[in-house]
Amino acid sequence: MALVARVLLPLPLPEAFDYLVPEGAELAVGDHVAAPLGPRLVRGVVVELREAHGINRPLKALQGRIDEPPLPPGTLAFVEWAARYGCGAPGEALAMALRGLRAPLPNPERLVAATGQAPAKPTPARARVLEAALAGPQKAAALALTAGVSAGVVKGLIEDGALAWVERAADAGFAEPDLTLPGATLNASQKAAATVLADLATAGGFGVALLDGVTGSGKTEVYLEAAAAALAADPSAQVLILLPEIALTQAVIARVETRFGAAPAEWHSGVASPRRRQVWEAVARGSCRIVVGARSALFLPFANLRLIVVDEEHDGSFKQEDGFIYHARDLAVARAKIEGAAVVLASATPSLESIWNAQGGRYRWLKLSKRHGTATLPEIALVDLRETPPEAGRWLSPVLARAMVETFAAGEQSLLFLNRRGYAPLVLCRACGERMTSPDSQSWLVEHRYTGRLVCHLTGWSMPKPLACPHCGAKDSLVSIGPGVERLEEEARILLPEARIAVFSSDTVQDAAGARTLVARMAEGEIDVLVATQAAAKGHNFPRLTLVGVVDADLGLRGGDLRAAERTYQLLAQATGRAGRAERPGRALIQTYAPEHAVMQALKAQDRDGFLAAEAEAREASGLPPYGRLAALIASSPDPVVLDAFCQALAAAVPNAEGVEVYGPADAPLGLIRGRRRKRFLVRADRTVDLQGFLTAWRARVRVPGAVRLTIDVDPYSFL
Ligand code: ADP
């Protein structure tokens with residue numbers, strides 16, 4: 001009987017398609033196949049095979065199997081689960097899992113090897129080459145060097161037939177971790193936590209632990225021990241360590257390398273595609289055992305994933321907001337459940353969601369309440385900007401400026417934290433009041449002095465800074481309003497002309513190598529003042545850093561967002577936690593116009609639990625996450641009339657359901673992006689409601705016009 005294959009294509013289609021399996025083709029679930037789609041052939045993955053009973057329509061036949069490592073069953077199940085959870089197209093989730101296959105493998109190496117044939121004209125030089133060639137295939141240049149001859153001698157021997165070119169697949173270079181190397185000698189509370197984690201990671205089954213430890217308590221050391229245990233317990237076990245930022249992956253890669261004597265595989269958008277393909281294949285074959293990566297590494301085709309570590313688990317960067325929408329922390333737990341693996345969520349400021357799960361007993365809760373060794377937590381003081389304001393046109397209050405001078409004089413380092421790239425967040429015309437905005441998004445253009453451009457941070461659109469106001473034509477009338485990191489650098493240079501000052505933002509550090517260099521320079525003490533956005537404010541260890549100045553603590557509190565207070569607390573606790581991580585005690589000064597705000601008071605008192613309890617109470621009272629669930633529907637279109645009509649139809653189609661409230665449509669706070677108008681609906685549901693079922697039913701009731709894009713965001717983190 002003929003066979004039918006259900007094949008998922010990595011495209012935004014609602015479901016997998018049936019194809020006939022060609023006679024004699026040996027196919028299995030997870031195999032890559034070439035499938036006809038309209039006039040094209042596309043790659044797909046077999047998700048089901050069955051006998052062709054009761055098929056009464058003609059099916060197209062598959063063109064055959066593509067010879068690549070198949071997707072393991074756990075990866076396939078995860079892809080389908082992730083799509084269902086996010087109400088997304090399963091093919092989009094599959095596309096995430098196939099991202100490593102976009103490029104061919106790196107070019108094979110061309111080496112030369114002896115053929116066994118004697119050269120027609122033997123010479124002493126030629127004899128030396130042939131002797132050196134006995135060592136095996138090697139690069140022509142290396143061979144010439146060993147034999148002490150010129151490249152021409154090797155070339156002559158190839159022409160003569162005594163040597164020949166051979167190709168060898170480029171070495172992927174995934175060395176086995178050395179499990180005999182000792183880890184750090186753990187202190188008592190680290191040891192207790194590591195033991196629980198090691199048991200969890202080797203017990204063989206699903207389990208989640210929240211590793212809740214203050215900054216500098218040694219969480220990394222502890223989870224590396226859990227990784228060691230998992231790798232030792234099973235010779236094919238694989239470990240995935242997820243980090244929110246590329247800059248942080250670099251630091252952890254170095255620590256993994258030290259701990260296991262072998263570099264882990266690295267996975268993030270900065271890794272070149274041929275290298276990604278090597279990693280993909282090695283992960284699928286099980287020949288690469290430790291991966292350190294950003295959120296998308298969760299979609300790699302692990303052959304035997306035993307442990308996932310989500311470091312800085314509270315971080316909002318784990319949420320992917322465009323394309324296939326997902327939250328890597330939440331999906332890590334789902335994937336581990338599918339694979340029967342363990343998860344460690346590590347943070348000094350865990351999310352309310354994870355605390356809630358730990359309190360409810362669903363996660364093991366492991367606490368490290370002290371910094372390792374003699375390091376103590378920094379002293380934190382609030383600087384009331386109403387009482388001690390900076391001078392006009394300056395951003396550092398006299399209190400913070402004095403502290404920086406003292407720190408520099410003591411030969412120690414300062415970090416100025418301001419979560420704003422560029423020079424100034426707004427440019428306006430003194431003559432007519434015109435604010436410079438981007439033409440297709442209406443958002444303020446941010447001035448960047450290094451490049452002399454005005455940049456839209458939403459879309460990346462930019463223009464050179466004009467000499468005259470484009471609105472009224474006045475010359476030299478454009479003024480820069482407010483500070484960004486570049487402007488703070490300027491101010492720091494005036495304050496400390498002798499100091500070595502650097503800026504760490506996504507503009508100055510564009511790739512992993514750049515991040516590595518800057519972090520190393522800071523750690524080595526080659527920088528006195530680091531002006532940084534959040535790119536540098538988390539995770540790093542700078543032993544000589546003793547002063548952290550938060551320039552504008554109120555920044556993240558503006559704008560209505562369910563998690564504004566929680567996020568501000570996390571970010572500032574992380575930033576201030578950079579201070580005093582070695583012998584010298586640290587301090588942090590937080591500049592604010594609202595010192596009475598609960599977030600500022602909690603930071604000052606270092607009372608995280610009190611703050612979280614108050615937050616939790618407020619969320620519970622209004623049924624917000626984690627006590628209730630949220631989803632957003634975002635409709636956008638270049639045509640405002642079509643968009644309005646569609647949103648009205650959508651509003652009229654809301655299914656009747658208990659325990660669900662739908663708000664909207666409302667103009668999105670970012671009402672125009674890249675020429676598309678945007679409107680939003682917000683859905684709040686009780687935890688008992690099948691939110692995905694509700695959303696799917698709702699979407700099925702409307703037809704989405706071609707000019708409209710409708711996005712569903714389950715568990716939204718952005719409300720813009
Ligand atoms: P966290 O991840 O909790 O912020 P880290 O694991 O980065 O903390 O540890 C902070 C610093 O203390 C690091 O430099 C680390 O190497 C050091 N450290 C932590 N625990 C130990 C230990 N048991 N022995 C030696 N050094 C340690």
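In the predicted model, Pro90 is buried, with a relative accessible area of 16%; this value falls under the 20% below which a residue counts as buried. Pro90 belongs to helix α2, which comprises residues 90–97. Apart from residues up to four places away in sequence, Pro90 touches Leu8, Leu13, Pro14, Glu15, Val79 and Ala83. One of these partners, Val79, is 11 residues from Pro90 in sequence, and the C-alpha atoms of the two residues are 6.9 Å apart in space.

A second buried residue, Glu68, has a relative accessible area of 10%. Glu68 is located in the loop between β5 (64–66) and α1. When neighbours within four places in sequence are set aside, the contacts of Glu68 are His32, Arg43, Leu101, Arg277 and Glu281. With Arg43 there is also a polar contact between the two side chains, at 2.7 Å.

Helix α1 itself, residues 73–86, contains Trp81 and Tyr85. The model has 9 aromatic pairs. In the pair formed by Trp81 and Tyr85, the ring centres are 5.0 Å apart and the planes meet at 10°, so this pair is classed as stacked; the class requires planes under 30 degrees apart. The two residues are 4 positions apart in α1, and therefore about one helical turn separates them. An α-helix has 3.6 residues a turn, so residues three or four places apart point the same way. Both members of the pair are partly exposed: Trp81 has a relative accessibility of 29%, and Tyr85 has a relative accessible area of 25%.

Further arrangements involve aromatic rings. Phe78, Phe299, Phe324 and Tyr326 make up one aromatic cluster. In addition, the charged end of Arg362 is placed over the ring of Trp356, at 4.4 Å from the ring centre. Arg449 is likewise positioned over the face of Tyr423, with a distance of 3.8 Å to the centre of the ring.

Helix α4, residues 140–147, has a buried side and an exposed side. Leu143, Ala144 and Ala147 are buried in this helix. These three residues span an arc of only 95° around the axis, and therefore they lie on the same side of α4. Ala141, Leu145 and Thr146 are exposed on the other side of the helix. The elements that cover the buried residues of α4 include the strands β6 (109–114) and β7 (163–168), together with the helices α3 (124–132) and α5 (151–160). After α4 comes Gly148, which has a positive phi near 65°.

The surroundings of the ligand comprise 16 residues, of which Thr185, Gln190, Lys219, Thr220 and Arg255 come nearest. Oxygen atoms of the ligand are approached by both backbone and side-chain atoms. A backbone N or O atom of Gly216 is 2.9 Å from a ligand oxygen atom, and a backbone N or O atom of Ser217 is 3.3 Å from a ligand oxygen atom. For Thr220, a polar side-chain atom is found 2.9 Å from an oxygen atom of the ligand.

Positive phi values also occur in residues other than glycine. Asp476 has a phi of about 50°, although this residue is not a glycine. The residue lies in the loop between β22 (462–464) and β23 (478–481), and Asp476 counts as exposed, at 61% relative accessibility. For Gln606, phi is near 50°, again a positive value in a residue that is not glycine. Gln606 is situated in the loop between α17 (598–605) and α18. With a relative accessible area of 34%, Gln606 is partly exposed.

Cis peptide bonds complete the description. Pro625 and Pro626 are joined by a cis peptide bond, with omega about 5°. Pro626 is in the loop that runs between α18 (608–621) and β28 (628–637). A cis peptide bond with omega about 5° also links Gly664 to Pro665. Pro665 is part of strand β29, residues 660–673.

Notes
Residues are numbered from 1 along each chain as its sequence is written. This is a predicted model: local features need pLDDT of at least 70, side-chain atom pairs count only at pLDDT 80 or more; totals for chains, interfaces and linings use all residues. Side-chain values use heavy atoms; hydrogens and water are left out. Rings of Phe, Tyr and Trp (its six-membered ring) pair if their centres lie within 6.5 Å; planes under 30 degrees apart count as stacked, over 60 as edge-to-face and the rest as tilted. Buried means under 20% relative accessible area, exposed over 50%, partly exposed in between (1.4 Å probe, protein chains only). A charge sits over a ring if NZ of Lys or CZ of Arg is within 6 Å of the ring centre and within 35 degrees of the ring normal. The arc is that of the directions from the helix axis to the C-beta atoms. Contact means heavy atoms within 4.5 Å. A residue is near a molecule or strand if one of its heavy atoms lies within 4 Å of it. A polar contact is a pair of N or O atoms within 3.5 Å; within protein, one must be able to donate a hydrogen and the other to accept it, and residues adjacent in sequence count only if both atoms are side-chain atoms.
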